[in-house]
Amino acid sequence: MLRTSILAVAALLVFAPAAGAATLDQTVEAWLAGSQVGGSHTSLMVLDRTTGRLLVVHDATTELRPASNMKLLTSAAVLQRFGVGTHVTTRVMTAGTLAGGTLTGNLWLVGGGDPSLSTNTFSINSWGGVSGRLADLAAAVHAAGIRRVTGRLYGDESRFDRVRSGPYWKAPWWRDCPPLSALSVNEDLFAFGQPQASPNPPLFAAQHFVSSLRAQGTVFRFGPSTGTHPATARVVASEASPALTRLVRQMDQRSDNYYAEVLAKNLAVHGGLAGTTANGVRAIRNAVGDIGVVLSGARIYDGSGLSLGDRLSSRDIIAVLNHAAAQRWSWYFRSALPLAGVSGTLQDRMTSGPAYRDVQAKTGTLDDASALSGYVTAANGHRLLFSMVMNRPAIDVLAAYRLQDRICQLLAASRPS
């Protein structure tokens, strides 16, 4: 028996329930009933996009903590607002005068909200070399003829506010996301693979850049600091990020919270608002609303899903997946998601069976939440959309994974009418 009124769901999704879907629904209900992660704290929905019919509905309107499934909304919003070929740019600026290789004045390293900006080693280890590169920016400054600077290098993070975390994040939040800034290098991390991060991202970035410039032969009279560039400053060098489609992929594959929060603030600035998390959330809501997603019951406080206040239902997430699939950027949205048994956070899950190399989905894991939502092609070629959001205090993550994977295998092997 369908646990949630299909008519209520259909009224929002404009779909009718599937005839003959009872067996699939009953199977999933039986598995949920026999699992420690089933019950009223699990929201689950499966939609056959080929026929427009609902196949499984279990408490689909219940709003729960989505964990990193929140990044599905951030991904859709970024692609909707920025499109396919957009980049964000880190600039080096000066108001000084250059003569004979000597710049009389200061340089400003002005953050453009590029979460990927990295040293060469970090870029290769984290992103396979696909990132904004500090060394390339230093080489551009050298090519501009600057060999000696009589002043300082200032790290400028003025594109965003200086709030380092999101609303209602659990302490110690820096274990899940480094301090937020419009100017960061190596995601503010002191070392690759380590959680320790600098509490002063713009100064940390300026220190790294001074080292990169020194390697190119450019030296300063005074040490690095932080500050905002003057209105009279001009650009002497710039470094573009990878296309934002690539940044979305990097975010979703690794479920990178820092990327999600920086991209959310970029959405705010792109929309003419101050670069705050609250404005980023407003921009996310507006962007997904523009593609037809109604989030009447949802609560959204950040772009990553770390906030204790975030709430989404499986119906909300299905709406995002469904409307995203109809956009001109749909391929980029779907291809950003981990592929079962192959890539990202699904590399070690569903490594065999019909779901292997079929399921493309976003994972989400917190102490009290586990989620998996995405796309799967059924055995008869039907395109299915699914969302599973499970909440429990001290949730058994492995049990949640097993149930989610089992349901995905069932969907991949199914032949819905």
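Helices here are DSSP runs of H or I with at least four residues, strands are DSSP runs of E with at least two, and both are numbered from the N terminus. By that count, Asn186 sits in the loop between strand 9 and helix 6.

A word on where this comes from: residues are numbered from 1 along each chain as its sequence is written, and the model is a predicted one, where local features need pLDDT of at least 70, side-chain atom pairs count only at pLDDT 80 or more, and totals for chains, interfaces and linings use all residues. Side-chain values use heavy atoms, with hydrogens and water left out.

## Backbone oddities in the loops

Back to Asn186: its phi is positive, about 55 degrees, although it is not a glycine. Is Asn186 buried or exposed? Asn186 counts as buried, at 5% relative accessibility. Buried means under 20% relative accessible area, while over 50% is exposed and anything in between is partly exposed (1.4 Å probe, protein chains only).

The loop between strand 9 (153-156) and helix 6 (201-216) also holds Pro172. A cis peptide bond links Ala171 to Pro172, with omega at about -5 degrees.

Ala67 is another non-glycine with a positive phi, about 50 degrees. You'll find Ala67 in the loop between strand 3 (53-58) and helix 3, and Ala67 is buried at a relative accessible area of 1%.

## Helix 3 and its two partners

Twelve of the 13 residues of helix 3 are buried, so the rest of the structure largely encloses that helix. Among the buried ones are Met70, Lys71, Gln80 and Phe82. The end C-alpha atoms of helix 3 are 19 Å apart, which agrees with the 18 Å that its 13 residues should span at 1.5 Å a residue. That expected span is 1.5 Å times one less than the number of residues. Just past the end of helix 3, Gly83 has a positive phi of about 80 degrees.

Two packed helices are described by the angle between their axes and the distance between the axes. The axes are lines fitted to C-alpha atoms, for helices over the stretch in contact, and the angles run from 0 to 180 degrees between N-to-C directions. Here are the pairs:

| Pair | Angle and axis distance |
|---|---|
| Helix 3 (70-82) and helix 8 (257-270) | about 40 degrees, 10 Å apart |
| Helix 3 and helix 10 (314-324) | roughly 30 degrees, within 10 Å |
| Helix 5 and helix 6 | about 55 degrees, 9 Å apart |

Start with helix 3 and helix 8, which pack at about 40 degrees. That makes helix 3 oblique to helix 8. On the naming, angles under 35 degrees count as roughly parallel, over 145 as roughly antiparallel, 65 to 115 as roughly perpendicular, and the rest as oblique. The crossing of helix 3 and helix 8 is left-handed, meaning that the near helix is turned anticlockwise from the far one by less than a right angle (clockwise would be right-handed).

Which residues of helix 3 meet helix 8? Lys71, Thr74, Ala77, Val78, Arg81 and Phe82 do, and their partners in helix 8 are Asn257, Ala260, Leu263, Asn266, Leu267 and His270. Contact means heavy atoms within 4.5 Å. This contact has six nonpolar, four polar and two charged residues. For those classes, Ala, Val, Leu, Ile, Met, Phe, Trp, Tyr, Cys and Pro count as nonpolar, Asp, Glu, Lys and Arg as charged, and the others, Gly among them, as polar.

Now helix 10: its axis and that of helix 3 cross at roughly 30 degrees. That makes helix 3 roughly parallel to helix 10, and the crossing is left-handed. Leu72, Leu73 and Ala76 of helix 3 meet Ile317, Val320 and Leu321 of helix 10. That contact comes out as six nonpolar residues, with no polar and no charged ones.

## Helix 6 and helix 5

Helix 6 has 16 residues and runs 23 Å from its first C-alpha to its last, close to the expected 22 Å. Its buried residues include Pro201, Phe204, Phe209 and Leu213. The buried residues of helix 6 pack against several elements, among them strand 4 (89-94), strand 7 (107-110) and helix 5 (134-143). After helix 6 comes Gly217, with a positive phi near 100 degrees.

Helix 5 and helix 6 pack at about 55 degrees. That makes helix 5 oblique to helix 6, and this crossing is right-handed. Residues from helix 5 in the contact include Leu134, Leu137 and Val141, and those from helix 6 include His208, Phe209 and Gln216. By class, the contact has eight nonpolar, four polar and no charged residues.
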